[in-house]
Amino acid sequence: MSDGTVVVWDQSLLAYDLGDHPLDPVRVELTIALARSLGVLDRPGVRLVAPTPADDTALARVHRPDYLDAVRAAPNDPLFSGYGLGTPDNPIFDGMHESSALVAGATLAAAEAVWRGEARRAVNVAGGLHHAMPSRAAGFCVYNDPAVAIARLLDLGAERVAYVDVDVHHGDGVQQIFYDDPRVLTISLHETPLALFPGTGFPDETGAPGAEGSAVNLALPPGTGDAGWLRAFHATVPTLLRAFRPEILVTQCGADSHRLDPLADLRLTVDGQRASYLALRALADELCDGRWVATGGGGYALVEVVPRAWTHLLAVATGEPVDPAALTPPDWRALARDRRPDREVPLRMTDDADVSYEPWQPTGEPDAVDREILATRRAVFPLHGLDPLDPAV
């Protein structure tokens, strides 16, 4: 296996553009520009790969053929309705099928490079469209690129694929697509569905008969910050991954858990998000011989947060983490001001946050986060032969 990292990137990925919409491709453009300006993409062992569109065979492993036909047809039909398209969340746009297939193809290329040993890690920051369903667009997502990539991994012979989703929204599409497949473990940490789209992701969603324990959901209360989020992550994810023993780790790294994100109410910082990427890399190294496929996802603080968060992700995936105290380069600040003159451009790669946390314990007076941790552990740990009340597991 190569020790290098593949970064799947081409300007054409910016064509996934829903118009006047929160999911603005400028966040991806500014991410790549910041990573390039900091030298992350020029590191030894980093290989930039241009994607090709996923073909219908790959897409149809996840999506129904009639849905693929609808996505193709919708831009040419002014009276089109149905399949979740033409809504405020998922407006119809020119080239919708082509640009969506390209995003899926980029994540496919990342997964194939890692599985075939061409790279130890691979990243597609334009991916992570985790809400798309087999026959419906949802939550800004047309084709579900993480699911398409996981299906390809299974077809290539993978027997245990772990998917960890740290987006503020529940990774509902990926969970549903593999809900009855014990070869795929889906873990999602998200803001409670009582407060946030898509309204799913409760602890009792644990997998269909025959795949019990294959779905894990940790629904966190609004206002959860770095310390609570990291406590929840470390109280659930490492233990379950170790029990499952995945051959490869796929992650969706949405940056909308940040305290500045306008569409949600968790309170993480860029420093907390960076800590999550370091933890995911360490788990891939421990359990999967380093095999890690990372995608982007949500994130709507387009200048203030997403480029810094995903540059940290790219740095963690390609080698040395970027020093949180590093300054954002002047050329990048100028580009960010040019692209979004109405946004505050960050000067440093940190929010100056303390990312320490107290490990979870089943004793004492629990707070709201601890109650959710316990609910998740009680729901799913016994299905993996684990004691939910043992803090050592």
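What kind of contact joins the side chains of His130 and His131? It's a polar contact of 3.1 Å. Keep in mind that this is a predicted model, so treat what follows as a tour of that model. We'll start with His130 and its neighbours, then visit two other loop residues, and finish with the helices.

**His130 and its neighbours**

- You'll find His130 in the loop between β3 (121-124) and α5.
- With a relative accessible area of 3%, His130 is buried, because anything under 20% counts as buried.
- Besides its link to His131, the His130 side chain makes a polar contact of 2.6 Å with the side chain of Asp165.
- Leaving out residues up to four places away in sequence, His130 touches a long list of residues, including Cys141, Asn144, Tyr163, Asp167, His169, His170 and Gln252.

**Pro198, a loop residue with histidine contacts**

- Pro198 sits in the loop between β5 (184-191) and β6 (215-220).
- Is Pro198 buried or partly exposed? Its relative accessible area is 23%, so Pro198 counts as partly exposed.
- Residues can be far apart along the chain and still meet: Pro198 and His169 are 29 residues apart, yet their C-alpha atoms are separated by 7.0 Å.
- If you skip residues up to four places away in sequence, Pro198 touches His131, His169, His170 and Asp172.

**Asp351, another loop residue**

- Look for Asp351 in the loop between α10 (330-339) and α11.
- Asp351 is buried, with a relative accessible area of 17%.
- Its side chain has a polar contact of 3.0 Å with the side chain of Arg308.
- Not counting residues up to four places away in sequence, Asp351 touches His258, Arg259, Thr269, Val270, Asp271 and Arg308.

**Helix α5, largely enclosed**

- Helix α5 covers residues 145-155, and nine of its 11 residues are buried, so the rest of the structure largely encloses it.
- Among those buried residues are Asp145, Pro146, Val148, Ile150, Leu153 and Leu154.
- Asn144 caps the N-terminal end of α5, with a side-chain oxygen 3.1 Å from the backbone nitrogen of Ala147.
- After α5 comes Gly157, which has a positive phi, near 115°.

**Two pairs of packed helices**

- Two packed helices are described by the angle between their axes and the distance between the axes.
- Helix α7 (residues 226-244) packs against helix α11 (residues 368-380) at an angle of about 15°, and their axes are 9 Å apart. That angle makes α7 roughly parallel to α11.
- The α7 and α11 crossing is right-handed.
- Where these two meet, α7 brings Gly228, Arg231, Ala232, Ala235, Thr236 and Leu240, while α11 brings Val369, Asp370, Ile373, Thr376, Arg377 and Val380. Sorted by class, the contact of α7 with α11 has six nonpolar, three polar and three charged residues.
- What about helix α1 (residues 26-37) and α10? Their axes come within 9 Å and cross at roughly 170°, so α1 and α10 are roughly antiparallel to each other.
- The crossing of α1 and α10 is right-handed.
- On the α1 side, the contact uses Val26, Glu29, Leu30, Ala33, Leu34 and Ser37, and these meet Asp331, Trp332, Leu335, Ala336 and Arg339 in α10. By class, the contact of α1 with α10 has seven nonpolar, one polar and three charged residues.

Key: Residues are numbered from 1 along each chain as its sequence is written. This is a predicted model: local features need pLDDT of at least 70, side-chain atom pairs count only at pLDDT 80 or more; totals for chains, interfaces and linings use all residues. Side-chain values use heavy atoms; hydrogens and water are left out. Axes are lines fitted to C-alpha atoms, for helices over the stretch in contact, and angles run from 0 to 180 degrees between N-to-C directions. Helices (H or I, at least four residues) and strands (E, at least two) are DSSP runs, numbered from the N terminus. Angles under 35 degrees count as roughly parallel, over 145 as roughly antiparallel, 65 to 115 as roughly perpendicular and the rest as oblique. A crossing is left-handed if the near helix is turned anticlockwise from the far one by less than a right angle, and right-handed if clockwise. Contact means heavy atoms within 4.5 Å. Ala, Val, Leu, Ile, Met, Phe, Trp, Tyr, Cys and Pro count as nonpolar, Asp, Glu, Lys and Arg as charged, and the others, Gly among them, as polar. Buried means under 20% relative accessible area, exposed over 50%, partly exposed in between (1.4 Å probe, protein chains only). A polar contact is a pair of N or O atoms within 3.5 Å; within protein, one must be able to donate a hydrogen and the other to accept it, and residues adjacent in sequence count only if both atoms are side-chain atoms.
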